[in-house]
Amino acid sequence: MERQGRRGERRGADEAPSGTGGAGRAGRRAFIGSFTSAGGLGVTAATVDPATGALTPTGSTDAVADPSYLAPGPDGAVLYAVSEADEGAVAAFDVSGPVPRLIGAPEPVHGSGPTHLAYAAGHVVTAHYGSGGVSAHPVGPDGAPGPLTGLVRHRGSGPDPDRQAAPHAHQVLPTPDGAWLLTVDLGTDSVRVCVLDETAGTLAVHGESALRPGSGPRHLAFHPDGGHVYVLAELAPTLTVCRWDARTGTLVPVRDVPVRPPGAQGVGYPSGVAVSPDGRHVWAAVRGDDTIAVLELDGSHERPRLAATVPCGGHWPRDLALDPDGRRLYVANERSGDVTGFDIDPGTGVPSRAGAVAAPAASCVVLG
C-alpha cells in the first residue's frame with residue numbers, strides 16, 4: 001500500500017521518514033520512467049540492494065506526463081525527464097530524497113514526441129522523435145532547465161513509407177570526451193554529429209553518417225576504448241559496428257550483425273543497447289521476441305558474434321541499463337509492467353534472471 005505525499009507524489013510503504021537516513025543516503029539508486037497515459041506512475045525512485053541488486057521503490061511522482069526517458073545530472077541529485085507529448089517538454093526532479101520532486105516548471109522543447117535526453121556541458125539536450133530534431137536547454141543553479149537556446153531540425157526520409165516518411169530523432173548522446181553529440185535518427189537511417197556551443201547553448205550539425213537504408217537506427221552505445229560505436233537498428237534487427245574518430249568528429253560504419261538467431265519467427269524490434277565495462281560483450285533488448293541478445297566482441301571490437309539470447313523476464317523490453325560494475329542488467333518491460341533484474345556471468349556475459357519489481361507501463365530504467 002502507498003501513502004499519498006505531496007500532490008502528484010507517492011511514498012512507498014517502507015520509506016524511511018525524512019531525516020532518518022532514507023533513500024537519499026542508501027547508496028546506489030535506480031529510477032524508472034513510465035507512461036502515465038497507460039497507467040504508469042511517472043518517475044519512480046528505488047534503492048538498489050548492494051548484495052543482490054534488488055530494487056525497492058521508495059516513491060514516485062506523476063507531476064509530468066509520460067516521462068518516457070530519464071537521465072541523471074552530473075552530481076546525482078537532479079534527474080532529468082522528457083515529457084513525450086505532442087507539445088514535448090523537458091523537466092528536472094530533485095532526487096536527493098526518497099520521492100522525486102519537480103524543480104520549477106517543465107520547459108517546452110519546441111518539438112513533438114521527445115524520446116531521449118542527456119546532460120552535456122551544462123545543458124540538457126533532447127531528441128524529438130515526432131518532429132525529428134534536437135534541442136538544448138541551459139541548466140540553472142538549481143538544476144532546472146531554462147528556456148531553449150539551441151534547436152536543430154533534421155531533414156530527410158527513408159524507404160519505409162510507414163515509419164520513415166520524415167525524420168525521427170530517437171537518441172542524443174554526448175561522446176565520452178564531451179566534445180561532440182551524436183544523434184540517432186530512425187527516419188533518415190543516419191547518425192548526425194553535432195556541436196554544442198557551451199557558452200551560447202546553440203547547436204550545429206558537423207556531419208552525418210549514412211547507415212543501411214531501411215534499418216531504422218534507434219540507439220547507440222560506445223565501446224570503453226572510445227573508438228568504436230555500436231548502433232542498434234529497430235526496423236532491421238541488426239547491430240552496426242562503427243569506428244569513431246574523436247579528433248575529426250567522424251563516424252564510419254564497418255559492418256552489420258544480426259541480434260536475432262537464424263530462423264527466428266515473427267517480428268523483432270530492438271530497443272536498448274549496452275556495452276560491458278571490460279569491452280567484451282554487448283547486450284541488446286529485442287521487443288516481439290522478448291529477449292536479450294548477448295554478443296561477444298573479439299580483440300578488434302569490430303566483429304560481434306551473437307552468442308546467446310535469453311528471455312527478458314517480461315513482455316516488450318523497451319529499455320535496458322547496465323550497472324557501472326557490469327555485474328547486473330536491468331530491463332524495463334513495458335507491456336508486462338515490470339523491471340527485471342539479471343545477474344551477468346562474467347565469463348560468458350549471459351544474464352540470468354534474479355528478480356523483478358512491478359512498474360506499470362515501464363519505459364526506461366537508469367541507475368544514479
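This report describes the fold, the nonpolar cores and the empty spaces of one protein structure. The model is predicted.

**Overall form**

The protein has 30 strands and zero helices. Its radius of gyration is 19 Å, close to the 21 Å that the globule rule gives for 368 residues, so the protein is as compact as a globular protein of that length. The C-alpha trace spans about 55 × 45 × 35 Å along its principal axes. Of the 368 residues, 55% are buried. When contacts between residues at least 6 apart in sequence are considered, 49% of them join residues at least 24 apart.

**Nonpolar cores**

The largest nonpolar core has 24 residues, and those with the most contacts inside it are Phe31, Leu70, Leu79, Tyr80, Phe93 and Leu117. Two or more residues of this core come from each of strands S4 (43-48), S6 (70-72), S7 (78-83), S8 (89-94) and S30 (362-367). Strand S7 gives the most, with five residues.

Leu117 illustrates the packing around one core residue. Leaving aside neighbours within four places in sequence, Leu117 is in contact with Tyr69, Leu70, Ala71, Tyr80, Ala81, Val82, Val90, Val124, Val125, Thr126 and Val172. Another core, of 15 residues, lies apart from the largest one and includes Val282, Val286, Ala293 and Leu297.

**Empty spaces**

The structure holds one cavity of 30 Å³ or more. The largest cavity has a volume of about 70 Å³, while about 1000 Å³ of space lies in the largest pocket. The largest pocket is lined by 36 residues, of which Tyr69, Leu173, Val273, Ala321 and Leu322 are the closest to its centre. Elements giving two or more residues to this pocket lining are S6, S10 (114-120), S14 (169-174), S18, S22 (269-275), S26 and S30.

The residues lining the largest cavity are Ser68, Tyr69, Glu84, Thr115, His170, Arg218, His219, Arg318, Asp319 and Ser363. Strands S18 (217-222) and S26 (317-322) each supply at least two residues of this cavity lining. Tyr69 is thus named in the lining of the cavity and in that of the pocket.

The table gives the classes of the lining residues.

| Space | Nonpolar | Polar | Charged |
|---|---|---|---|
| Largest cavity | one residue | five residues | four residues |
| Largest pocket | 26 residues | eight residues | two residues |

Definitions and conventions: Residues numbered from 1 in each chain as written. Predicted model: local features only at pLDDT ≥ 70, side-chain atom pairs only at ≥ 80, totals over all residues. Heavy atoms only, no water. 1 Å grid on protein atoms, 1.4 Å probe; cavity = no way out; pocket = protein on both sides within 12 Å on 5 of 7 lines; lining within 4 Å. Points joined across faces, edges and corners; volume = space filled by probe spheres on them. Helix = DSSP H or I, 4+ residues; strand = E, 2+ residues; numbered from the N terminus. Nonpolar A, V, L, I, M, F, W, Y, C, P; charged D, E, K, R; others polar. Core = buried A, V, L, I, M, F, W, Y, C linked by side-chain atoms within 4.5 Å. Buried < 20%, exposed > 50% of the residue type's maximum accessible area, 1.4 Å probe, protein only. Contact = heavy atoms within 4.5 Å. Rg over C-alpha atoms; globule rule 2.2 N^0.38 Å.
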